[in-house]
Structures are given as C-alpha cells and as structure tokens.
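I opened this entry to go through cysteines, cores and charged pairs in turn. My notes follow the order in which I looked things up.

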Amino acid sequence: MEDQKRRMLSGVQPSGDLHLGNYLGAIKNWADRAEEFDCYYFMADMHTITVRQTPADLRRRTLEQLAQYIACGLDPEKNTLFIQSHVHQHAELGWVLGCYTMFGELSRMTQFKDKSAKHKENINGGLFTYPSLMAADILLYQPDLVPVGEDQKQHVELTRNIVQRFNGIYGDVFKMPEPFIPKAGARIMGLTTPESKMSKSVPEGCVFLMEKPEDIARKFKRAVTDSDTENPVRYDPAHKPGVANLMNIYAAVTGKTFDEIEAEFAGQGYGKFKPAVGDAVVETLRPIREEAARILADKAYLESVYKAGAEKAGYAAEKTLRKVYKKIGFVAR
C-alpha cells in the first residue's frame, strides 16, 4: 500500500523558532498529508552553514525543530523525519549535480543575490552552489511533488532543468518533480506590522510556538488595531488590517466564521477582543509546547526518531545514488 502512495518531500532550515504563522499557514495542514502521500521531512542543517552558525545553537535548534514538528502532529510512524547531514548521499549527489548545473544558472538565483547583499563579509562558494545541493535533496528521493512557496519556485525550476539535462545524456534516471502549491492555511501577519507577514525578524509582533503563555497574552494585548470605537470588531482588511489579522487568527484557532466573531464581540471594544484572541492562541499552542518540551527532555526517543528516519531516507537515497554513479561511469564500490 505504501508503494502506491505518491511521494512528497520538504526540507526546512533549522534557523530557529517556529512561530504561529508557520503553524497556521503550513504545518497545521501537514499532518493530513500522510494519509495521501509518502512524506519525507528533513532538517536542512547542511544548508544553514552558508551563513556562519554558532555550533551549539545549530545543534539545539535542529533538535528543537524536530521536536516541534512531532508535537504539531507529524507522526514519525507515518512520516520519515530526518536530519540532512545524517544522510551522506545528499552531499555526494550535490557534488555530481554541481557538475551538471551551469554557472549562469546559479548566478541568476535571486536568493544568492539577496544573501550576498546581506552577508558581504562571507560570500562563500556554498552560497553560490547550494541550489545544486537543493536539487540533490529533491532528486535523491525521486518525489512526485515538492511543496514550495513563492520564494522556492526558482529552485524547483532549476532542479527540473538539471533533470532534463541529466536525463537527456544518460536516459531516464530522475523522475521529473512537480511543484506542489500546498493548500493555503491562514495568512498570518505581524501583530505590530499587520501589513506584512509574521516574521521572527520582528520578535515583538511574532508569536513563537514555545513562548510562555503570559508572553503570548502580553503580545496580543499590545497588538496594533485602530481608533474605531463605533464598530470596532469587523472584518475590513483594507481599512482595518490589524483587526482583520486578529480575526483571521481567532477564526483559524477556534473554527468560527467572521460573522460569528463579529456577533460575539458586538458592542465590545478591543479591550475585550484582543485578550480573547490571545487566550485562544495560548490554549491552541499549550499542548504543542508541552508535548515539544516533553519530547526534547526524552533524548533517547528523539534520537530513535532521527536515526530511524535517516536509515529509511538513506535506503531510498542510496538506490538513486548507485544508479547515478553507474550512469556517469564510476566504478562500483
């Protein structure tokens, strides 16, 4: 039965704390995918080192992110969860594909331009060639679908170019991956900047999954609204972006419609509405935070998850790598 499922793969850099926008916008829907797809999720720790990292922080964040994924509903029995650097085939195929990726293609990647501008003191080779590693991340597992946001479409297009080039020379080696635009969850904006998406770069307007309840409540009390006292709680994104964002969040965590929310807070001001949204978010995140903390404290369990994940991923990856090595003329081990 497992073999009949289409395969889906997604890697996320362990760049720090997951937040409410990540959860409501994406991760919340991931648990449902396991029924339909054979899902592989990895912590892309090899990609993080294109920017200098503090080693202890990188280790901690990698394990925290894995624990949070499990706590958000990604069952390790139904999903393959692993750490990228534990599957050596990523680096090996990354080198091979680097030799089938054109210099011009890499120089056109927008993320290289963005990161070079941000990290002028460390424009390293990895920053330039990492799209070849990303192509290897994908192609090792011969997935049918790769979930992508707008910022990653270019990488999937490059991967498809590499497949075309490689298969054109050596025959049908790689399956052509299709970009998958996930079912959109709630689009969550910053509590202090409702005109832009919630981001950890603006921590005062960002609610983290592992944050203390009292800190979450305080952030919602300080959330940006407006001076409307006539009819404050109504859904009008164009004129009331802060209120619309809070209503979006409240709807996403309670399942209520905007009409129901307007009726619930009719005749009441923001002094009642903002704390109510904060309380609802606290109760939604409480089981996730407690479960993630419990998993992190159980080091043996967490280790068993990522080792089993790496073993399963490594088995799938090795089949692809062996095929590639044979095609390009490497002597069999």
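I began with C72 and asked whether it is buried or exposed. At 9% relative accessibility, C72 counts as buried, because the cut-off for buried is under 20%. This is a predicted model, so I read every value as computed from it. C206 has 0% relative accessibility and is buried.

Next I checked for disulfides. I found zero in the structure. C72 is in none, and the nearest cysteine sulfur, that of C206, is 14 Å away. C206 is likewise in no disulfide. A disulfide needs the two sulfur atoms within 2.5 Å, so this pair at 14 Å does not qualify.

I turned to the nonpolar cores. The largest has 54 residues. Which of them touch the most other members? I noted L20, V207, F220, F273, V281 and L285. Elements that each supply at least two residues include α1 (20–36), β2 (37–43), α3 and α13 (299–328). The largest share, ten residues, comes from α12. I then followed V207. Beyond its neighbours within four places in sequence, V207 is in contact with H19, L20, L191, M198, I216, F220, V281 and L285. A second, separate core holds 37 residues, among them M109, F128, A135 and I162.

I looked at R61 in helix α3 (residues 55–71). R61 is buried, at 13% relative accessibility. Its side chain makes a polar contact with the side chain of Q53, at 2.6 Å. R61 and S15 are 46 residues apart in sequence, yet 6.9 Å apart in space, C-alpha to C-alpha.

Last came the salt bridges. I recorded a count of 20. I wrote up three pairs and a network.

- D38 pairs with K312, with the closest N and O atoms 3.7 Å apart. The pair links strand β2 to helix α13 across 274 residues. D38 is buried at 6% relative accessible area, whereas K312 is partly exposed at 37%.
- R60 pairs with E64 at 3.1 Å between the closest N and O atoms. Both lie in helix α3, four residues apart, about one turn of the helix. R60 is partly exposed at 38%, and E64 is buried at 18%.
- E105 and R165 meet at 2.9 Å, N to O. E105 sits in helix α5 (residues 103–107) and R165 in helix α8 (residues 153–170), 60 residues apart. E105 is buried at 9%; R165 is partly exposed at 26%.
- D226, D228, R234, D236 and K240 are joined into one network by salt bridges that share partners.

Notes
Residues numbered from 1 in each chain as written. Predicted model: local features only at pLDDT ≥ 70, side-chain atom pairs only at ≥ 80, totals over all residues. Heavy atoms only, no water. Buried < 20%, exposed > 50% of the residue type's maximum accessible area, 1.4 Å probe, protein only. Polar contact = N/O pair within 3.5 Å; in protein donor to acceptor, adjacent residues only side chain to side chain. Core = buried A, V, L, I, M, F, W, Y, C linked by side-chain atoms within 4.5 Å. Contact = heavy atoms within 4.5 Å. Salt bridge = Lys/Arg side-chain N within 4 Å of Asp/Glu carboxyl O.
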